[in-house]
Amino acid sequence: MSTRGGGQQGQLGRGRGGDSPEAGTTKRKKRRGNKGDEQPLVPPPSPPPDDSPAVRVVYVGCEGESTEPDYLNHLNARFGDGSGHEGQRFRIQPVYKKNGYTPAQVVAAVRDKAAEDEAWALFDRDQHHDIPQALKEAAEDSTEVCFSHPSFELWLLLHFQEFGGRQSGKNKDVVKKLRQAHPAFKKFDERNDKSVKGVRQTALEESEALKVAVARARRLVGQCEHGSCKPGNAKTYPYGRDDPPKSTTAWAARSGHAHDCEVLRRDPSTDVWRLVVSLGIVPDSSRSAGSRGHGYAVGARGV
């Protein structure tokens, strides 16, 4: 994980909070940058001054080219570095490209951009066929996964209302309800306008919308048809960069779903709440305030 400011270096411990890595000696792959990588459509925010308090830098790969990056930039502006927010200081580095990525491409792109630093991958169910590959490669490289079934729009909708019922990868009902949920989203996804800017960002800021969205997303975990999925089992603290890799099923279970709950059957669901809680924007209701799971290593390495 990369942080800026401060002069101490450290590493996250192994096997915290009952989430002990599985036994094995498999060597983790090292992340390597690539000069030919796609560049963000907009330049990343400038780094904070060298003498500023430590800022957690998180690379987040996005399947889409508009909705997800807009939302992440919204989190940066409202809660991140320099916002005055009293919680954990952070800066999200969105990784995306024009016309988007497939899930496996999201994992590969953010892995290359983040190098040795903290990485998250956001992708949807839709009708993708490479999700098992994406999950496997994310587990091998400790890239956190924010999977949404059927789509990221479900996460936006949960800011305004509850949602339930199997969608089988189809996004039509979610978008319909999102358009009805708030006037700012009335024309969402019309004429390919899937942006989350201006009045739409303002709508997401109303009252306790974000906190409520987290609570609703957590409830979806508990309502999973598998029957033994529990949001309290979710892991929101950063996994150590030098910790051994987990199996695909163990890595996917960091969302709170049971190890034997097939990812593609988590319908509807969205794991974006884990990123929000991990960044310290909304407290983790399943942990005490003094839990060591909220800590992270402070290092001097830059991005």
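This passage describes the overall fold and the salt bridges of a predicted model.

The protein chain contains nine helices and six strands. It has 303 residues, and 52% of them count as buried. Its accessible surface comes to about 13900 Å². Carbon and sulfur atoms account for 47% of that surface. Contacts often span long stretches of sequence. Among contacts between residues at least 6 apart in sequence, 75% join residues at least 24 apart.

Charged side chains were examined next. Side chains of opposite charge can pair when their charged atoms come close. In the protein chain, the count comes to eleven salt bridges. Three of these pairs are described below, beginning with Glu144 and Arg254, followed by Lys194 and Glu153, and then Arg200 and Asp193.

Glu144 and Arg254 meet through their side chains in a salt bridge, with an N to O distance of 2.8 Å. Glu144 belongs to strand S5, which covers residues 144–149, while Arg254 sits in the loop between helix H8 (248–252) and strand S6 (269–270), so the salt bridge ties together parts that are 110 residues apart in sequence. Both partners fall under the 20% cut-off for buried residues. Glu144 has a relative accessible area of 4%. For Arg254 the value is 1%. The pair also belongs to a network of salt bridges, in which Glu144 and Arg254 are linked with Arg274.

The side chains of Lys194 and Glu153 form another salt bridge, at 3.4 Å from N to O. This pair, too, links distant parts of the chain, 41 residues apart. Lys194 lies in the loop between helix H5 (172–181) and helix H6 (199–204). Glu153 lies in helix H4, which covers residues 153–157. The surroundings of the partners can be told apart by accessibility. Glu153 is buried, with a relative accessible area of 2%. Lys194 is partly exposed, at 25%.

Arg200 forms a salt bridge with Asp193. The closest N and O atoms of this pair are 3.4 Å apart. Arg200 is buried, with a relative accessible area of 6%, whereas Asp193 is partly exposed, at 31%.

In short, the predicted model has eleven salt bridges. Among them, the pair of Glu144 and Arg254 joins two buried residues, and the pair of Lys194 and Glu153 joins a partly exposed residue to a buried one.

Terms used: Residues are numbered from 1 along each chain as its sequence is written. This is a predicted model: local features need pLDDT of at least 70, side-chain atom pairs count only at pLDDT 80 or more; totals for chains, interfaces and linings use all residues. Side-chain values use heavy atoms; hydrogens and water are left out. Helices (H or I, at least four residues) and strands (E, at least two) are DSSP runs, numbered from the N terminus. Buried means under 20% relative accessible area, exposed over 50%, partly exposed in between (1.4 Å probe, protein chains only). Contact means heavy atoms within 4.5 Å. Accessible areas come from the Shrake-Rupley method with a 1.4 Å probe; for residues, only the protein chains shown count as cover. A salt bridge is a side-chain nitrogen of Lys or Arg within 4 Å of a carboxyl oxygen of Asp or Glu.
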